[in-house]
Amino acid sequence: FDAVDIIRTKRDGGELSDPQIAWVIDAYVRGVVAEEQMSALAMAILLRGMGRREIASWTTAMIASGERMDFSGLRRRTVDKHSTGGVGDKITLPLAPLVATFDVAVPQLSGRGLGHTGGTLDKLESIPGWRAALSNEEMMAQLDGVGAVICQAGSGLAPADRRLYALRDVTGTVEAIPLIASSIMSKKIAEGTAALVLDVKVGSGAFMKDLSQARELAQTMVDLGTDAGVDTRALLTDMSTPLGLTAGNALEVRESLEVLAGGGPADVVDLTVALAQEMLDAAGKPGVDVRAALADGRAMDTWRAMIAAQGGDPDAPLPTAKHTEQVLAPADGVLVGLDALAVGVAAWRLGAGRARREDEVQAGAGVELHAKPGATVRAGEVLMTLHTDTPERFDRAREILTDAATIAPAGSRPGTGEGVVLE
Ligand code: URA
């Protein structure tokens, strides 16, 4: 095979054969296909798309680039969830222990944040002592004992994706449905979970800005999972405004603890419950009362066991930022919109996220919201609190947030409001 032929075929709108796809991915991992060739091919795929067979073949080739895990020896059934990424999306934190409370295994192999969406591992690392890296044996033991593990994905799972994702990140080729779907699903299929629930985000803070694109991404991933023998389902959920009242590492852990204690913001609780029900249904436990497990402390007990098993101290105080500033409402009225992307970028710039993979994140940094769309506000009332250890960052964050809040005359209704689960 020849890389240039393959690029030309896709550039001109043709279909790639299974052997061509298998070759190009393997040759890329071996360094035979150059970065510039793979980036040209990724752009051709972004512009021309791929058919169902091509996407399945691409995913298979990415899985074949690495190892596959095997959870079949576990006493409990496995079910995982994956979110396509959002602002304030801390749902994995309360969700994994909640679901594990019902005697299923939840292997959450997670990542770090890059850009405006936070990473689950960065959030948990704000807990003193907690460690993200586990050996396969440690992970298996924790899954059979506690039931829930949230840890770093080993570098052995779909290594082709790791390289390709880094390349897409710097070549404007992240936003291609075939590439996003194969990237996510290759890792989940290689992980070996029996069932998977996808939380596909829609709105300003998500990759997919509108419902029809999100539906297509969801269907593509469900088809890939189903064809690979994974019971795969998807929910489409709102990401036009941040989830909950916090965006930032320790701030999001604090809010997750409120949910595990039976409280917390309604949208975070509703999405946690909806995903838990779907996961438990996929694991053969339909109709269990998940809200009761939040209210009576069982999910919190599982959380404490999960954190302690990974060296964390569930009772240690969470870090807080050295400096805070307030953002005030400019007028009286109804808050009808609070833009997820702006809040995510502001939290990132305050230090909650990183601009380069090697950057450190600040545990205490982020944005705390005091009102959500639908709330009545008065001029001068505190809308948000900004948190950072580096106060020179406040100006940039304020600038980013200038038009984030939309306040309309009394009696107006927010643009969204049907609830967080859209479909
Ligand atoms: N998350 C992934 O793992 N891959 C993508 O391509 C996009 C989001």
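## A walk through a predicted three-domain model

In helix α1, which covers residues 3–11, the buried residues are Ala3, Ile6, Ile7 and Lys10. They sit on the same side of α1, because the arc they cover around the axis is only 100°. Turn to the other side of α1 and you will find Val4 and Asp5, both exposed. The cover over the buried residues of α1 includes two further helices, α2 (18–29) and α3 (35–48). After α1 comes Gly13, with a positive phi near 85°. Please keep in mind as you look around that this is a predicted model.

**The overall build**

Let us step back from the first helix to the whole chain. The protein is divided into domain 1 (3–49), domain 2 (79–309) and domain 3 (323–408). Between the centres of domain 1 and domain 3, taken over C-alpha atoms, the separation is 41 Å. In secondary structure, the protein has 16 helices and 12 strands. Its radius of gyration is 21 Å, close to the 22 Å that the globule rule gives for 423 residues, so the protein is as compact as a globular protein of that length. The C-alpha trace spans about 65 × 45 × 40 Å along its principal axes.

How much of the protein is made up of buried residues? They account for 53% of the 423 residues. The contacts tell a story about sequence separation too: of those between residues at least 6 apart in sequence, 80% join residues at least 24 apart.

**Around the ligand**

Which residues surround the ligand? They are Gly85, Tyr165, Val174, Leu179, Ile180, Ser183 and Ile184. Helix α9, residues 177–191, gives the most to this shell, contributing 4 residues. By character, the shell holds 5 nonpolar and 2 polar residues, and no charged ones.

**Positive phi values away from glycine**

Gly13 was met above with its positive phi. As a rule, most residues other than glycine have a negative phi. Two residues in this model are worth a look in that light. Asp103 has a positive phi near 65°, and its place is the loop between α5 (92–100) and β2 (106–110). Ala158 also has a positive phi, of about 45°, although it is not a glycine. That alanine lies in the loop between β3 (148–152) and α8 (159–169).

Are these two loop residues buried or exposed? Asp103 is partly exposed, since 13 other C-beta atoms lie within 10 Å. Ala158, by contrast, is buried, because 30 other C-beta atoms lie within 10 Å.

**Three more places to visit**

Thr324 is in strand β7, residues 323–328. This threonine is partly exposed, as 14 other C-beta atoms are found within 10 Å. Setting aside its neighbours within four places in sequence, Thr324 is in contact with Thr385, Leu386 and His387. One of these partners, Leu386, is 62 residues from Thr324 in sequence, yet their C-alpha atoms are 5.4 Å apart in space.

Ala316 is in the loop between α14 (298–309) and β7. Why does Ala316 count as exposed? It has 12 C-beta neighbours inside 10 Å, and a residue with 12 or fewer is classed as exposed. Leaving aside neighbours within four places in sequence, Ala316 is in contact with Ile127 and Pro128.

Asp238 is in strand β5, residues 231–238. This aspartate is buried, with 23 other C-beta atoms within 10 Å.

The table gathers the C-alpha separations for pairs that involve these three residues.

| Pair | Apart along the chain | C-alpha to C-alpha |
|---|---|---|
| Thr324 and Leu386 | 62 residues | 5.4 Å |
| Ala316 and Arg77 | 239 residues | 32 Å |
| Asp238 and Val273 | 35 residues | 15 Å |

**Putting the picture together**

If you are choosing where to begin on screen, α1 is a friendly start: one side carries buried residues such as Ile6 and Ile7, while Val4 and Asp5 are exposed on the other side. From there, α9 leads you to the ligand, as the helix that gives the most to its shell. Finally, β7 takes you to Thr324, where contacts with Thr385, Leu386 and His387 await.

Key
Residues numbered from 1 in each chain as written. Predicted model: local features only at pLDDT ≥ 70, side-chain atom pairs only at ≥ 80, totals over all residues. Domains from an automatic or database assignment. Helix = DSSP H or I, 4+ residues; strand = E, 2+ residues; numbered from the N terminus. Rg over C-alpha atoms; globule rule 2.2 N^0.38 Å. Buried ≥ 20, exposed ≤ 12 C-beta atoms within 10 Å, placed from the backbone. Contact = placed C-beta atoms within 7 Å. Near = placed C-beta within 6 Å. Nonpolar A, V, L, I, M, F, W, Y, C, P; charged D, E, K, R; others polar. Arc of directions from axis to C-beta.
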